[in-house]
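The following exercises are to be worked through with the sequence and the coordinates at hand. Each task is followed by a solution in steps.

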Amino acid sequence: MSLTRTQVEGIAHLARLEITEAQMPVYVDSLSRIIDFVEQLAAADTAGIEPMAHPLADQVQRLRPDAVSETDQREKFQQNAPSVAAGLYLVPKVIE
Amino acid sequence: MTADRALADARAADEVLAKGEGGPLTGVPVAHKDIFCTDGIRTTCSSKMLSNFVAPYDATVVRRWRAAGTVLLGKTNMDEFAMGSSNETSYFGPVRNPWDLRRVPGGSSGGSAAAVAACIAPVATGTDTGGSIRQPAALTNLTGIKPTYGRVSRYGMIAFASSLDQAGVLARSAEDAALLLEAMSGFDPNDSTSVDRPVPNYAAELNQPLNGLRVGIIREFFGAGLDPAVEKCVRAAIEQLQKEGAVIKDVSLPSLPLSVPTYYVVAPAECSSNLSRFDGVRFGHRCEQPKDLLDLYKRSRGEGFGAEVKRRIMTGTYVLSAGYYDAYYLQAQKCRALIADDFARLQ
């Protein structure tokens, strides 16, 4: 096992995912196997190789003028929200 | 199924055609993989997370096919968030292969593949990150194409791994695929990775002779693990190309063994970043009675995502985390450059 249960619990916390007690051993096992599998990349000779940041080498990030291009559709967007009031998204109390 | 809208659009198409107007795609029924946003129609990505999500706008691909006169029949099932190769990870249940119901149709565009193979729709959209159009097309006897990155706009296509995702077509013939690919391709200012180059008339190139066309046969694909039945079909296709005048060249991609492990790092890394938007706040599944904000995030995501999606998010989180980033993510990005170099060296 390349990953311990404690490590996987840490990863789940970083990823903001609740993993149930019953599922935890399954993830420890499967994540360990994935990490073992990708370990072979370490053997590749990549000295002096530039990491590939974009699949198209000559592509540059386009810019656009900083001008308003969208109309206000808040009500339409908020129809998908689990909880809203007065145009605001509601979440549990953050500050006591 | 979008029955009412389909019938209304079909009647409108009939009227256009009766006047002798319209284009080659007017009235052609199509289906969209449920990863493309459709204004007013549910877009679920086959996930519990988005099971009630109604997109507020159309994806560019959806808009372009509609502008070409096609009629939308409905949205197709898929692996959850396009993560899978068998269409078994869908929250709504698996898709079967219409050629043999005991078998899988491939994935993640398995619903689109099955719909076209079963003649429910003549063509359908797919998306391909690591084979999700090509593999189901192969498993259902269809023509499927993953176009070059940047060719088709991804605006309104729910992101999985942004440096790999690309939209394409599943069809029953190269001609159908060519017509529909042309209709979805082209520059889109709404997608920052869209490439501004003219779109060729693909259909016009279909009947060009193959004389002198060089076709590389990748040596490494004919090694251990190749099914003899598959090899026979591939060899027959090579022979056919040769008869048509193509020049067959034996080529080597020595970094090929790196491609799957590289994918296993790059795709989950990008997925863990892309899927962080699903937080149970603005849209998507929210857990019952969260006790605080952290609990809301964790339980909404824990409940809303299936096992495969969670596995990939966690893999990506790990390879991007402090202390492991260089060993996994950066090394994979370097291996990616090695793989690209192999292709650049081909003559």
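The radius of gyration used below is taken over C-alpha atoms, and the globule rule is 2.2 Å times the number of residues to the power 0.38. The model is predicted.

**Exercise 1. Determine how the radius of gyration of chain A stands against the globule rule, and describe the chain's extent and burial.**

Step 1. For 96 residues, the rule for a compact globule gives a radius of gyration near 12 Å, whereas chain A has 23 Å.

Step 2. The C-alpha trace of chain A spans about 55 × 50 × 25 Å along its principal axes.

Step 3. A residue counts as buried if 20 or more other C-beta atoms lie within 10 Å of its own. By this criterion, 16% of the 96 residues of chain A are buried.

Step 4. Chain A contains three helices and two strands, and their order along the sequence is α-α-α-β-β.

**Exercise 2. Describe the contact between chain A and chain B from the side of chain A.**

Step 1. The contact involves 38 residues of chain A and 49 residues of chain B.

Step 2. On the side of chain A that touches chain B, the elements giving two or more residues are helix 1 (5–14), helix 2 (24–38) and helix 3 (74–78) of chain A. Helix 2 of chain A gives the most, with six residues.

Step 3. By class, this side of chain A consists of 26 nonpolar, seven polar and five charged residues.

**Exercise 3. State the domains of chain B and characterise the contact between domain 1 and domain 3 of chain B.**

Step 1. The domain assignment divides chain B into domain 1 (3–205), domain 2 (214–251) and domain 3 (256–345).

Step 2. The centres of domain 1 and domain 3 of chain B, taken over C-alpha atoms, are separated by 24 Å.

Step 3. Domain 1 of chain B contributes 19 residues to the contact, and domain 3 of chain B contributes 17 residues. On the domain 1 side, these are 10 nonpolar, seven polar and two charged residues.

**Exercise 4. Establish the strand order of the five-stranded sheet in chain B, and explain why strand 2 and strand 4 each have one side without a neighbour.**

Step 1. The five strands form an open, mixed sheet in chain B, in the order 2-1-3-5-4.

Step 2. Strand 2 (71–76) and strand 4 (143–145) of chain B stand at the edges; each has a single partner strand, so one side of each lacks a neighbour in the sheet.

Step 3. Direction ignored, neighbouring strands of this sheet are turned by 25° against each other on average.

**Exercise 5. Analyse the pairing, burial and packing of strand 5 of chain B.**

Step 1. Strand 5 (residues 166–171) of chain B runs antiparallel to strand 3 (residues 123–128) of chain B, and six bridges join the two. Among the facing residues, B:Asp128 has B:Gln166 as its bridge partner, and B:Val123 stands opposite B:Ala171.

Step 2. Strand 4 of chain B is also antiparallel to strand 5 of chain B, with three bridges between them. In this pairing B:Ile145 stands opposite B:Val169.

Step 3. Side chains in a regular strand alternate between the two faces of the sheet. In strand 5 of chain B, B:Gln166, B:Gly168 and B:Leu170 point one way, while B:Ala167, B:Val169 and B:Ala171 point the other way, and all are buried.

Step 4. Because six of the six residues of strand 5 of chain B are buried, this strand is largely enclosed by the rest of the structure.

Step 5. Helix 5 (residues 174–184) of chain B lies across strand 3, strand 4 and strand 5 of chain B, and runs at about 150° to strand 5 of chain B.

**Exercise 6. Locate the backbone exceptions at A:Ala86, B:Ser46 and B:Ser108, and decide whether A:Ala86 and B:Ser46 are buried or exposed.**

Step 1. Most residues other than glycine have a negative phi, and most peptide bonds are trans.

Step 2. A:Ala86, which is not a glycine, has a positive phi of about 50°. A:Ala86 lies in the loop between strand 1 (84–85) and strand 2 (88–89) of chain A. With 5 other C-beta atoms within 10 Å, A:Ala86 is exposed.

Step 3. B:Ser46 also has a positive phi, near 50°, and belongs to the loop between strand 1 (29–33) and helix 2 (60–67) of chain B. B:Ser46 has 32 C-beta neighbours inside 10 Å and counts as buried.

Step 4. The peptide bond from B:Gly107 to B:Ser108 is cis, with omega near 10°. B:Ser108 is in the loop between strand 2 and helix 3 (110–117) of chain B.

How values were computed
Residues are numbered from 1 along each chain as its sequence is written. Chains are lettered from A and ligands numbered from 1 in the order in which they are written. This is a predicted model: local features need pLDDT of at least 70, side-chain atom pairs count only at pLDDT 80 or more; totals for chains, interfaces and linings use all residues. Domain bounds come from an automatic or database domain assignment. Two residues are in contact if their C-beta atoms, placed from the backbone, lie within 7 Å. Ala, Val, Leu, Ile, Met, Phe, Trp, Tyr, Cys and Pro count as nonpolar, Asp, Glu, Lys and Arg as charged, and the others, Gly among them, as polar. Helices (H or I, at least four residues) and strands (E, at least two) are DSSP runs, numbered from the N terminus. A residue is buried if 20 or more other C-beta atoms lie within 10 Å of its own, exposed if 12 or fewer, and partly exposed in between; C-beta atoms are placed from the backbone. Two strands pair if DSSP finds at least two bridges between them. Axes are lines fitted to C-alpha atoms, for helices over the stretch in contact, and angles run from 0 to 180 degrees between N-to-C directions.
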